[in-house]
Each structure stands twice: as structure tokens, then as C-alpha cells.
Amino acid sequence: MSEQVDVQPNIEQSISNDPMIKLNGVHKWFGDFHVLKDINLTVNRGERIVICGPSGSGKSTLIRCINHLEEHQQGQIFVEGTELTGDLKHVEQIRREVGMVFQQFNLFPHLTILDNLTLAPIWVRKLPKKEAEELAMKYLERVKIPEQANKYPGQLSGGQQQRVAIARSLCMNPKIMLFDEPTSALDPEMIKEVLDAMIELAHEGMTMLCVTHEMGFAKTVANRVIFMDEGQIIEEKEPIEFFNNPQNDRTKLFLSQILAH
Amino acid sequence: MSLNGKSIDLLRWMKSNLFSSSLNTLLTIISLWIIYVSVPPFIQWALLDANWVGSSRDDCSREGACWVYIGFWFKQIMYGRYPETEVWRVNVSYILLVGALIPLFISGFKHKGLLTLFLLFVYPIISYFLFIGDSFGLPLVETSLWGGLFLTLVISLVGIVASLPIGILLALGRRSSMPIVSAISIGFIEIWRGVPLITVLFMSSVMFPLFLPEGMNFDKLIRALVGVMLFSAAYIAEVVRGGLQAVPKGQIEAAEALGMSYWNTMGLIVMPQALKMVIPGIVNSFIALFKDTTLVLTIGLFDLLGTIQIIGTNADWLGFHIEGYVFTAFIFWAFCFGMSRYSMHLEKKLHTGH
């Protein structure tokens, strides 16, 4: 624990005024349902942002728009200065720089762990197989499961699978990492191992956007906490401010509900 | 002691599996009776009373099966009217095929990829020149002389090997977000699925030449092959589509999030999982195709069954069609059973615990 406290000030300094992601008045509809309403958000290099809110508030949709898994219908999204449009070339180029970790892990069940990790480096980055494997082993060691390299995803626990998923994203050497409720599908005893891997990543200065209900994680790691409800950003604050002094009634209600037990 | 234990186990097994209720007891008795009245007489006829050696119908006592008949016509049944002096060319191709297939089943073999490429792209070309001849000093053997099991294998193997990739492309096309691609795929699939194979064959052999400019013509076998291939592809496409729909959306999203292109996502992530799920369905289609090749008889191509029917009309050998059909059935069964077992083996091998 003390290590985290030591390191945190160091990372604070690495945040620069260098916007990695910029959303300007983004709107999105699913049919008639208005999921995202006028979202404006800037994420600087090295910033770690936690997005929370009740279910159906559009927080997953928001981060899925950033790597174009969902298409926004109005407004602009810039990732590293490149605007996300329907143009597949741009989309693929941006996706290479933006890693994503899903709630359901989404590992490729027909491939071994090692193949899961080397697939994109080999086919997208055109890395030689040997280099890709070395890279994969490096990240598997970082998430502390190198011994599982030759197993299949189905043979791993949920926590291990999610750590593999994190390592798989890191193998693409992304500049931004998106986490879509990475611990929500896990048994309670496995949440910590995944959070630890994410905290370590934060210490390395990764730009992170994380949809999560893990408020402990938000407190220790986030620079900013964003509260969303009904497709809008309701409140956006530093963690201490956010938890101790929420302004909006809906934020207060939400916090009282999730912090009650 | 152990024997005693085993017999008690057997009794227990029989009690729980064969005689667990009065209905099951009744069904067991009926089944046993059916087996009793059908199997022993068949074995008596086909094996015990059968005549195996000889050269004419006089060597058969007619109390049991006359396998002399099959032996006498064996060349025709295997190769049709393929000239006897050239039959070695077919055999060379068989040997090549089996020789290339065996290493694929050996788990430690290293060059499986290369061998598969050889089988898919080089082997058909070699076989084509072997079969048809007219080059490399080999005399021409027209396709109208091809027949018997040889022709059955040519049609079904070409159909199987070609219909899988076409079917996969059609399945992808049908799910494509591009309206023109999906409309063309749907149209193609529904037209070919909507007509009986026999109609396809008739169209290819009778109608199709009418539309061609004068003097231009394709070999009848090639027309039939294309018909069988496209017909089967339409079915494969629907089977594969079922598999595609069963792959969770998250798999595609994960691949896309890694920056993978559409074709990489489909080829490396979606297809391997989809195909694995539909192995039984694909093999089912292949088995159906293998048996449906017998329909080429209707357009004057003499496959295994067609050859058996022709030799059944030979004046010297009238009255042996039962042997002919039993033998044909056995060959078809052996091939289909082999395919079915192989698909089960494949499913087991590819199972990775998800």
C-alpha cells in the first residue's frame, strides 16, 4: 500500500496539457433512445479518468465511441488529433493506438493465451513471430501469469482471463487504455488481482479511461471522476472532491447507494 | 470372483438399460426379434452361402450371394469405361491422394500446411492431366468414358473441396453490411436452395448449351461439376451462417478493438470458431452431396450406381442386381461412415474447453 502512496505524486507530474482525446458535443441515439447527450470531454496525456453512474447512463457507450465500436451521430471525437469518422482507415489506425478491456474479457477461446497475445502484433503490427512472442511473454510476466501461456482461455479463472485481456491490449503498445467495467463479471476474490494490474499500469503513466463501480480504485488512481446519468455528464471532479463534496442530488443518491454497504 | 462381479455388472446394466420398465422390456423384445429374423439370414446369404470365386454365372449356386458377379465386373464398377490400359493413371492419382493424406493424420508431422496447399492446389492439377491425358505423352481419355466409383469420387471430391470456400464467402456475403453484396448472396443462395439437384443437372446438361453461342461448348462433366458445386455451396453457406451467428459479438469487438481488419477478424477469429461449431452440419452436407452424386445418372454420366445399373442389364448376367445394389450400398456406407467418424474426431481434437 505504502508503495502506491509513494508513487502517486510522481505520476501526477507526468500529466501534461496535451489532449489525447477530445469530444465535442457528441450525441448518440439507439433508435429513438438518446444515449449520449452533448458530451464534452478532454482527456490529457497520462490522465486517469474513472466514469461511473447508474446502469443505462451511457458510460459504456461513451468509451465505446472512442474506439468507434459505437458510432456517434453528432459532434466530433478526436483521438490524438485524428477525427473519428466512418473512414475505416482512420478507425483502424486509431484502434491500434487505443487498447480496450471488456467486461466479458472476450479472449479468443480457440487460441492459446500466447496466440491471443501475439495475434494482433503479428497481423496488425506485422511483427515477426519470435518478437511478438517475446513481447507477449513480457506482458504476461507483468500481469503475473507467464506460466499460463500455453493454456486455453477456458482453462483459466475469470481474474486470470481478465489479466490476459489486459496483457493482450498492452501487446499492441497502446497510448490509451479503455476499460469497460473490467471487474464487473468477476468473483469478488478475483477483483483485486485485476485492479492491481490496472494500478500498476496507472503508475507507468498510461492514459486510462475506466468505467467502473470500484470506488476504491477511483480514489487511489483517478485524477478525475466523471458521474454520468441519462446520457449526460452530471459531475466531473477530482476524486477527493467528488466523494467528499458531491454537488448534484443524483450524484449524492448514487454515491449513497453504492457506498452504503 | 472378478468374472462373477462382471456378470453382476452386466445384469445391472441390462436391468437399467433394457428392462427398466414394461414398455422398455417390450421394445427390447421386439428389437431382439427383428434382429433375429433379419441378421442371421442376411449373414447366411451374404457370407456363408455366398460364392466368391469363379468367372461366370455358372460358378454361382444361387443359394447365397454371387460375389463372382462383382468380381467379374470389378473394373467397370471401379473405373467405368476408362480404358484398361490407362487405368494406372487413376490409380497413381489415388496413391498420390492417400499418400498425401496420411501424414495429415500423423500428429507430429511438421509440414501440414504445405501438404494441405499441395492437396488443394497442385494435386487437382496433376490429377486433371493424369485423368484426361492428351498431354505429356498420355493418350486422351474423354470424360464420357469416366465412370464407376472413380467418377463418383471425382464429382464428390471436387464438389466438397470447391463448395466449402464458396459457401463460406456466400455466408459472409449474406451477413455483409453492404446491401448489394448481401442481396446478391441471398439471391444466389435462395435460388440454388430452391431447386432440386436433378433440375440443376438437367439445366446444366440440356438447357445450358442452348444459351451458348454456336460452336462453343463445355464438357458435360464440367457442367455437372459446376452445378453440383454451386448447389452444395448454397447449403454450406446456410450451415456456416448458423455458425457465424453463434459466435458472440464480443469476439468481433475484441478483434476490432485490436485494430484488426475485416478479413483478419473473419479469417482468424470468427471463422475458426464458427466452422468448429458447424462441423457436424458441414459433414452432413458433404455426406448428402456424396450420395446425391448418384443423380448424375439422369444426365448420362455413369457413376458407381449408374454402372451397377448398366451391368445389371447385361444379358449374360441377368438377375444379380441384388448383389450389385448391396455392394454399392456397402461402398457408399463405408465412405459416409468414414466421413462421419472423421468429423467426430475433428470435433474432439478442436475442443478447447469453451
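This report describes the chains, the nonpolar cores and several individual residues of a predicted two-chain model.

**The two chains**

Chain A contains 10 helices and 10 strands. Its radius of gyration is 18 Å, close to the 18 Å that the globule rule gives for 261 residues, so chain A is as compact as a globular protein of that length. Chain B has 15 helices and 1 strand. The table sets out values for each chain.

| Property | Chain A | Chain B |
|---|---|---|
| C-alpha extent along the principal axes | about 55 × 45 × 35 Å | roughly 70 × 70 × 45 Å |
| Buried residues | 54% of 261 residues | 40% of 354 residues |
| Exposed area | about 11400 Å² | about 19800 Å² |
| Share of exposed area from carbon and sulfur | 48% | 71% |
| Charges | 27 positive, 36 negative | 22 positive, 20 negative |
| Distance between mean positions of positive and negative charges | 3 Å | 13 Å |

Contacts between residues distant in sequence were also counted. In chain A, 66% of the contacts with a separation of 6 or more involve residues 24 or more positions apart. In chain B, 66% of the contacts between residues at least 6 apart join residues at least 24 apart.

**Nonpolar cores**

The largest nonpolar core has 120 residues, and the members that touch the most others are Leu23(A), Ile51(A), Leu209(A), Ile77(B), Tyr82(B) and Trp146(B). Helix 10 of chain B, residues 220-246, gives this core its largest share, 12 residues. A second, separate core holds 48 residues, among them Ala167(A), Cys171(A), Leu186(A) and Ala222(A).

Beyond its neighbours up to four places away in sequence, Ile77(B) touches Ile70(B), Gly148(B), Leu149(B), Leu304(B), Thr307(B), Ile308(B), Ile311(B) and Phe327(B). Of these partners, Leu304(B), Thr307(B), Ile308(B) and Ile311(B) are among the buried residues of helix 14 of chain B, residues 304-312. Gly306(B) and Gly312(B) of helix 14 are buried too. The buried residues of helix 14 pack against five elements of chain B: helix 3 (67-72), helix 4 (74-79), helix 7 (148-174), strand 1 (302-303) and helix 15 (321-350).

Thr152(B) is placed in helix 7 of chain B. Its relative accessible area is 0%, so Thr152(B) counts as buried. Apart from residues up to four places away in sequence, Thr152(B) touches Phe290(B), Thr293(B), Asp303(B), Leu304(B) and Phe332(B).

Arg241(B) belongs to helix 10 of chain B. With its neighbours within four places in sequence left aside, Arg241(B) is in contact with Ala171(B), Arg174(B) and Arg175(B). From Arg241(B) to Val326(B) the C-alpha distance is 37 Å, and the two are 85 residues apart in sequence.

**Helix 11 of chain B and chain A**

Helix 11 of chain B covers residues 249-257, and its buried residues are Gly250(B), Gln251(B), Glu253(B), Ala254(B), Ala255(B) and Ala257(B). They pack against helix 2 (59-66), helix 3 (88-97), strand 6 (98-101) and helix 6 (158-170) of chain A, and against helix 12 (262-277) of chain B.

Just after helix 11, Gly259(B) has a positive phi of about 85°. Met260(B) sits in the loop between helix 11 and helix 12 of chain B. With a relative accessible area of 1%, Met260(B) is buried. Leaving aside neighbours within four places in sequence, its contacts in chain A are Glu92(A), Leu119(A) and Val124(A), and those in chain B are Ala255(B), Thr265(B), Leu268(B) and Ile269(B).

**Positive phi in chain A**

Most residues other than glycine have a negative phi. Phe105(A), which is not a glycine, has a positive phi of about 65°. Phe105(A) is in the loop between strand 6 and helix 4 (113-123) of chain A. Its relative accessibility is 10%, so Phe105(A) counts as buried.

Lys144(A) is also not a glycine, and its phi is positive at about 70°. The loop between helix 5 (129-142) and helix 6 of chain A holds Lys144(A). At a relative accessible area of 55%, Lys144(A) is exposed.

How values were computed
Residues are numbered from 1 along each chain as its sequence is written. Chains are lettered from A and ligands numbered from 1 in the order in which they are written. This is a predicted model: local features need pLDDT of at least 70, side-chain atom pairs count only at pLDDT 80 or more; totals for chains, interfaces and linings use all residues. Side-chain values use heavy atoms; hydrogens and water are left out. A nonpolar core is a set of buried Ala, Val, Leu, Ile, Met, Phe, Trp, Tyr and Cys residues joined through side-chain atoms within 4.5 Å. Buried means under 20% relative accessible area, exposed over 50%, partly exposed in between (1.4 Å probe, protein chains only). Helices (H or I, at least four residues) and strands (E, at least two) are DSSP runs, numbered from the N terminus. Contact means heavy atoms within 4.5 Å. The radius of gyration is taken over C-alpha atoms; the globule rule is 2.2 Å times the number of residues to the power 0.38. Accessible areas come from the Shrake-Rupley method with a 1.4 Å probe; for residues, only the protein chains shown count as cover. Lys and Arg count as positive and Asp and Glu as negative; His and the chain ends are not counted. The place of a charge is taken as NZ of Lys, CZ of Arg, CG of Asp or CD of Glu.
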